Amino acid sequence: MSKIEDVKVLVETGKSKKVAAAVQEALDAGDKAQDILDAMIASMGVVGDKFSSGEIFVPEMLIAAKAMSKGVEVLKPVMAGDGSSSLGTCIMGTVAGDLHDIGKNLVVMMLESAGFDMVDLGVDVPADKFVEAVKENNNVVLVACSGLLTTTMPALKEAVQTIKAAYPDMKVIVGGAPVTQEYANEIGADGYAPDAGSSAAKAKELIGA
């Protein structure tokens with residue numbers, strides 16, 4: 001089995017203590033950092049699919065994401081040197097009045113794994129704070145708004161419309177338990193992801209990556 005295959009299996013099975021060493025071994029064996037990263041992203045894709053289909057649950061997904069982040073830590077200094085490009089910056093937050101962050105944190109990890117530079121605004125984020133974050137950060141290509149309570153659906157709508165008013169061309173993706181594709185369409189969002197597993201693919205699709 002190639003060193004990259006080892007890394008993929010370790011990420012998929014969430015062996016975070018072993019991933020860093022395996023990534024270093026792959027680098028030492030001459031594998032390119034980008035190829036190793038792509039393999040780990042593919043593994044998280046598999047994990048995401050399993051999560052979406054109900055084969056695994058949040059704890060397993062978090063364990064795999066943690067393993068992935070350990071691998072990325074080893075790659076970051078190498079990749080900073082070879083000028084590999086990120087997909088751009090994504091601003092993410094849970095909307096005003098909502099304090100849920102597990103789903104948001106999973107999405108942040110998934111999008112980071114997929115190659116976005118993530119700016120996490122946390123929870124209970126007012127609409128104008130999303131706009132400020134777009135202004136303050138470079139190369140923002142996507143804003144992700146999460147809402148997990150039925151009562152915060154209007155806040156999600158306000159967030160999307162405030163971002164769109166300030167930045168009409170900005171891509172906005174929404175998600176959370178009560179959110180549907182229909183609601184996303186109704187409030188003017190560009191994309192909707194039913195869960196963290198599918199968020200990365202949708203985000204990349206929205207920015208044409």
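## A walk through the helices and a few single residues

Helix α3 covers residues 33-52, which is 20 residues, and spans 28 Å from its first C-alpha to its last, close to the 28 Å expected at 1.5 Å a residue. Keep in mind that this is a predicted model, so everything below describes a prediction.

### Helix α3 and its partner α1

Plenty of α3 is tucked away. The buried residues in this helix are Ala33, Ile36, Leu37, Ala39, Met40, Ile41, Ser43, Met44, Val47, Gly48 and Phe51. When you read a list like that, it helps to remember that an α-helix has 3.6 residues a turn, so residues three or four places apart point the same way. After α3 comes Gly54, with a positive phi near 85 degrees.

What does α3 pack against? Helix α1 (residues 3-12) packs with α3 at an angle of about 35 degrees, and the two axes are 9 Å apart. The crossing of α1 past α3 is right-handed. From α1, the contact is made by Ile4, Val7, Lys8, Val11 and Glu12. On the α3 side, the residues making it are Asp35, Ile36, Ala39, Met40, Ala42, Ser43, Met44, Val46, Val47 and Lys50. Ile36, Ala39, Met40, Ser43, Met44 and Val47 of α3 are in that contact, and they are also among the buried residues of the helix.

### The annotated stretch

Next, the region with a label. An unreviewed UniProt entry lists residues 87-209 as "domain: B12-binding". Over residues 87-209 the chain is 45% helix and 21% strand. The C-alpha atoms at the two ends of that stretch are 7 Å apart.

### Helices α5 and α9

Helix α5 has 13 residues and reaches 18 Å from its first C-alpha to its last, close to the 18 Å expected at 1.5 Å a residue. Its buried residues are Lys104, Leu106, Val107, Val108, Met110, Leu111, Ser113 and Ala114. Following α5 is Gly115, whose phi is positive, near 115 degrees.

How do α5 and α9 meet? The axes of α5 (residues 102-114) and α9 (residues 196-206) come within 8 Å and cross at roughly 45 degrees. Because of that angle, α5 is oblique to α9. The crossing of α5 past α9 is right-handed. Leu106, Val107, Met110, Leu111 and Ala114 make the contact from α5, while Ala196, Gly197, Ser199, Ala200, Ala203 and Lys204 make it from α9.

Ser198 also lies in α9. Leaving aside neighbours within four places in sequence, Ser198 is in contact with Ser52 and Ala193. Ser52 is part of the range covered by α3 (residues 33-52). The C-alpha atoms of Ser198 and Ala42 are 156 residues apart along the chain, yet separated by 13 Å.

### Single residues, side by side

Here are a few residues with their locations and accessibility.

| Residue | Where | Relative accessibility |
|---|---|---|
| Gly191 | strand β5 (residues 191-192) | 2%, buried |
| Ser146 | strand β3 (residues 140-146) | 5%, buried |
| Ser198 | helix α9 | 22%, partly exposed |
| Asp124 | loop between β2 (116-120) and α6 (127-136) | 40%, partly exposed |
| Asn139 | loop between α6 and β3 | 53%, exposed |

Which residues does Gly191 touch, apart from neighbours within four places in sequence? Gly191 is in contact with Val172, Ile173, Val174, Ala184, Lys202 and Leu206. The C-alpha atoms of Gly191 and Ile207, 16 residues apart along the chain, are separated by 10 Å.

Ser146 has its own set of partners. Not counting residues up to four places away in sequence, Ser146 touches Met92, Gly93, Thr94, Val95, Lys104, Leu156 and Gly175. Lys104 is also one of the buried residues of α5.

The two loop residues in the table are worth a look for their backbone angles. Asp124 has a phi near 55 degrees, a positive value in a residue other than glycine. Asn139 is not a glycine either, and has a positive phi of about 55 degrees. Is Asn139 buried or exposed? Asn139 counts as exposed because its relative accessibility is 53%, and exposed means over 50%. Asp124, at 40%, counts as partly exposed.

How values were computed
Residues numbered from 1 in each chain as written. Predicted model: local features only at pLDDT ≥ 70, side-chain atom pairs only at ≥ 80, totals over all residues. Heavy atoms only, no water. UniProt positions renumbered as here; feature names shortened; annotations may be inferred. Helix = DSSP H or I, 4+ residues; strand = E, 2+ residues; numbered from the N terminus. Expected span 1.5 Å × (residues − 1). Buried < 20%, exposed > 50% of the residue type's maximum accessible area, 1.4 Å probe, protein only. Axes fitted to C-alpha atoms, helices over the stretch in contact; angles between N-to-C directions. Parallel < 35°, antiparallel > 145°, perpendicular 65-115°, else oblique. Left-handed = near helix turned anticlockwise from the far one by under 90°. Contact = heavy atoms within 4.5 Å.
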